[in-house]
Amino acid sequence: MRILIGITAGIAAYKIPLLIRMFINAGVEVRCIMTSDAKDFVSPLVISTLSKNPVGIAFWNKETGEWNNHVEYGEWADVLLIAPCTANTLSKMVSGACDNLLLAVYLSMRNKTIVSPAMDLEMYQHPTVKRNISVLIADGVHVIPPDHGELASGLSGEGRLPEPAFIFEEVVKYLSLGQDFLNTQVLVTAGPTYEAIDPVRFIGNHASGKMGFALAENFAARGASVTLITGPTVLRTEHKRVQTIHVTSAAEMFEAVQRHWLDMDLGVFSAAVADYRPIHPAEEKIKKTNEALSIELIKNPDILAWAGKHKTATQRTIGFALETNNAVENAMEKLSRKHADAIVLNVIEENEKCFNSDTNKVRIFDVNGLSLELPTASKAKIAQGIVDYITRIRL
Ligand code: CTP
């Protein structure tokens, strides 16, 4: 699915980077066009970095001499979203004016256009704006009404750009991402766990949580209610159907999973849980008095195995495996030992890292003896492939 986001010169443009990230995490391809004044509100560098594509601003790029082909943009996109859409752009869309790249693309769009107007309350109430919006609706444009609330002017009223999660939901309907997980409760574990050695030190690992967050957002985009239980990570999700529970240690993650598991239909355990923890974490910071230091470790509970053992006839569990030798054999062993319905094996090529990388390559094995390889792709794309696969084993 491909979305083209048009950003015009409104203060609410600051919300668009978050929106872009939500689409990327849901496996949607994103390209952006900005009007030249929009650059004063949000940096094209941020927009191009997050959307993973160059930003179109003018009809042609003065440095490279390349032409930004508006017709190609119009054919490429499954949907054009203009957010925030200023009163000025609304009025030009109504008249068919074509004095910037975004307007030329609007006129070239093959598919749906959605606008999310945002402006000060008096402007939004002005009869010309109201009239322009009615004309656009009659022209087949979908209009996301602005929110009521605090405005950049300091006033409060109608005109505020809705939160990114709301706009995302509205657009998803048009992208027909499908709502195949509607009324489904999904639990996802993500990130590393930190096991305390003393109040300031821990045993941990390099897991970033990116895969788990991408899975949570993909499930949510497809209608699921997601409980995301994550170890320490800088990642955040704004998706309103994702409830995030932050934990630190394996014991806390286990406790949170036990608390929620009964209500779940499906559990995807992507966390890199520490296998061991210090048996007696020191209450005070350990001083470096001795030349050598031994820390006695004890095994942590296996969360995936616990959920597999305690699942009902309709609940399903999916685990992950990261193996450096006998990968397939070990993954199959984990599938049966942990009573999982499928195991996602991270395929590690030579010289490749898996933790903290933005891409991944996996092979999925399930209890029915089927397997599927998903070639190297962004974690968002891999998440989409895994979720697609899960729809099969749900049956
Ligand atoms: N897992 C878990 N709880 C643990 C350890 C692992 O839920 N205490 C889950 C992980 O989230 C992952 C799967 O089990 O889905 C595989 O984890 P891994 O650490 O590779 O498996 P182990 O059973 O620890 O096997 P190994 O001997 O390879 O470390």
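**View 1. Strands β1 and β4 side by side in the predicted model**. In this predicted model, strand β1, which covers residues 2–7, pairs with strand β4, which covers residues 79–85, in the parallel sense over four bridges. Within this pairing, Leu4 has Leu80 in β4 as its bridge partner. Strands of a sheet pair through backbone hydrogen bonds, and the pairing can be either parallel or antiparallel.

**View 2. The open sheet and helix α1**. Six strands, in the order β3-β2-β1-β4-β5-β6, form an open sheet with parallel pairing. Its edge strands are β3 (55–56) and β6 (142–143), each of which pairs on one side only. Helix α1, made of residues 16–25, packs on the sheet, where it touches β1, β2 (29–34) and β4, and its direction makes about 175° with that of β1.

**View 3. The two domains and the area buried between them**. The protein chain is divided into domain 1 (2–177) and domain 2 (185–393), and the centres of the two, taken over C-alpha atoms, are separated by 37 Å. Twelve residues of domain 1 are in contact with 14 residues of domain 2. The area buried between the domains is about 1200 Å², with carbon and sulfur atoms giving 51% of that area. In domain 1, the residues that lose the most area to domain 2 are Met22, Asn25 and Glu169, which together make up 36% of what that side buries.

**View 4. The salt bridge between Glu169 and Arg241**. The closest N and O atoms of this pair, Glu169 and Arg241, are 3.5 Å apart, and one salt bridge is found across the interface of domain 1 and domain 2. Four residue pairs are in polar contact across this interface. On the side of domain 1 that touches domain 2, the elements giving two or more residues are α1 and α8 (164–175), and α1 gives the most, with five residues.

Note on methods: Residues numbered from 1 in each chain as written. Predicted model: local features only at pLDDT ≥ 70, side-chain atom pairs only at ≥ 80, totals over all residues. Heavy atoms only, no water. Pairing = 2+ DSSP bridges. Contact = heavy atoms within 4.5 Å. Axes fitted to C-alpha atoms, helices over the stretch in contact; angles between N-to-C directions. Domains from an automatic or database assignment. Buried area = accessible area lost by both parts, 1.4 Å probe. Salt bridge = Lys/Arg side-chain N within 4 Å of Asp/Glu carboxyl O. Polar contact = N/O pair within 3.5 Å; in protein donor to acceptor, adjacent residues only side chain to side chain.
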